[in-house]
Amino acid sequence: MDLVIMGPPGAGKGTAATRIKEAYGLAHISTGDLLRAAVKAGTQLGLEAQGYMNSGKLVPDEVVIGLVKTRLGEPDTAAGFMLDGFPRTIPQAEALESMLEGIGRKLDAVVSIEVEDEVIIRRIAGRLICPSCGAIYNAEMNPPKDGTCECGGIPARRKDDEPEAVKTRLVAYKAQTEPLVAWYRGKGLLLPVIGEGSPADVFGKIAHALESRMRERGC
Ligand code: AMP
């Protein structure tokens, strides 16, 4: 199964992606994680991406497209992949389509998690991420015990979760990424899911939608 998972920042995409990856054994390709790793490693690409990321802007298409192309060539994607945070623009979606065509593959579904703006802002305000293992907490709803992650790391707010950067990310999402919802709907690939309720509820809805899609496709 080859998937894209999309949704506005704070929709619970990361949490849902972890569950989907585990349930279906997919390679999880998060462009945000790939870019953060490049920043941490201090590569040329990381240096170029860092300024855009800290201010909540999108990194230029050609940079992310190159990263995804390389990642899709790795062997763990053979049994299926889930792209998370990519594509975020129509040119990225077009590039993905031709990349997949080139390797004889096609997307099976695009899961779109939908959440109201007020819910997003409330969720992001409390979001804490462990810098060591990437576990996601919420200062109010799911705080780390004694401020420490199970892995021993100290969860903290991401720089681009600061209120100003969140506003910029939401504006970028609406202007550049939301048009993809209609684009994928037009291609018959969209599986819209309401991202409210517990992580288990949201995953249940996604799994149900994915399984009906796979049955339709005879997989
Ligand atoms: P994420 O972890 O998916 O929220 O991504 C964090 C940041 O990385 C975004 O705010 C962007 O600056 C950058 N980024 C991640 N994926 C993309 C993409 N597909 N296109 C452009 N920028 C991206």
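A polar side-chain atom of Gln92 lies 2.9 Å from a nitrogen atom of the ligand, in what is a predicted model of the protein with its ligand. Taken alone, the ligand would expose 480 Å², and the protein buries 96% of that. Two further polar contacts of the ligand are set beside that of Gln92 in the table.

| Residue | Protein side of the contact | Ligand atom | Distance |
|---|---|---|---|
| Lys57 | polar backbone atom | oxygen | 2.6 Å |
| Thr31 | N or O atom in the side chain | nitrogen | 2.8 Å |
| Gln92 | polar side-chain atom | nitrogen | 2.9 Å |

Thus Thr31 meets a nitrogen atom of the ligand through its side chain, whereas Lys57 meets an oxygen atom of the ligand through its backbone. The shell around the ligand consists of 16 residues, and the closest of these are Thr31, Lys57, Gly85, Arg88 and Gln92. By class, the shell divides into 6 nonpolar, 4 polar and 6 charged residues. Helix α2, which spans residues 31-41, gives the most to this shell, with 4 residues.

The backbone has two features that deserve a careful look in the model. Most residues other than glycine have a negative phi, and most peptide bonds are trans. Phe86 and Pro87, however, are joined by a cis peptide bond, with omega at about 0°, and Pro87 is placed in the loop between β3 (81-84) and α5. Asp146, which is not a glycine, has a positive phi of about 55°, and its place is in the loop between β6 (136-138) and α7 (163-177).

A separate topic is the open space in the protein. Rolling a probe the size of a water molecule over the atoms shows where empty space is left. The second largest pocket has a volume of about 210 Å³ and is lined by 13 residues, of which Glu97, Lys106, Leu107, Lys187 and Leu189 lie nearest its centre. Helices α5 (90-102) and α8 (179-186) each supply at least two residues of this lining, and α5 gives the most, with 5 residues. By class, the lining of the second largest pocket holds 7 nonpolar and 6 charged residues but no polar ones.

As for the overall fold, the protein contains 9 helices and 7 strands. Its radius of gyration is 17 Å, close to the 17 Å that the globule rule gives for 219 residues, so the protein is as compact as a globular protein of that length. Taken along the principal axes, the C-alpha atoms fill a box of roughly 50 × 40 × 35 Å.

Definitions and conventions: Residues are numbered from 1 along each chain as its sequence is written. This is a predicted model: local features need pLDDT of at least 70, side-chain atom pairs count only at pLDDT 80 or more; totals for chains, interfaces and linings use all residues. Side-chain values use heavy atoms; hydrogens and water are left out. On a 1 Å grid over the protein atoms alone, a cavity is a set of points where a 1.4 Å probe fits but cannot get out, and a pocket is an open set with protein on both sides within 12 Å along at least five of seven lines; lining residues have an atom within 4 Å of a point. Grid points are joined across faces, edges and corners, and a volume is the space filled by probe spheres set on the points. Ala, Val, Leu, Ile, Met, Phe, Trp, Tyr, Cys and Pro count as nonpolar, Asp, Glu, Lys and Arg as charged, and the others, Gly among them, as polar. A residue is near a molecule or strand if one of its heavy atoms lies within 4 Å of it. A polar contact is a pair of N or O atoms within 3.5 Å; within protein, one must be able to donate a hydrogen and the other to accept it, and residues adjacent in sequence count only if both atoms are side-chain atoms. Accessible areas come from the Shrake-Rupley method with a 1.4 Å probe; for residues, only the protein chains shown count as cover. The radius of gyration is taken over C-alpha atoms; the globule rule is 2.2 Å times the number of residues to the power 0.38.
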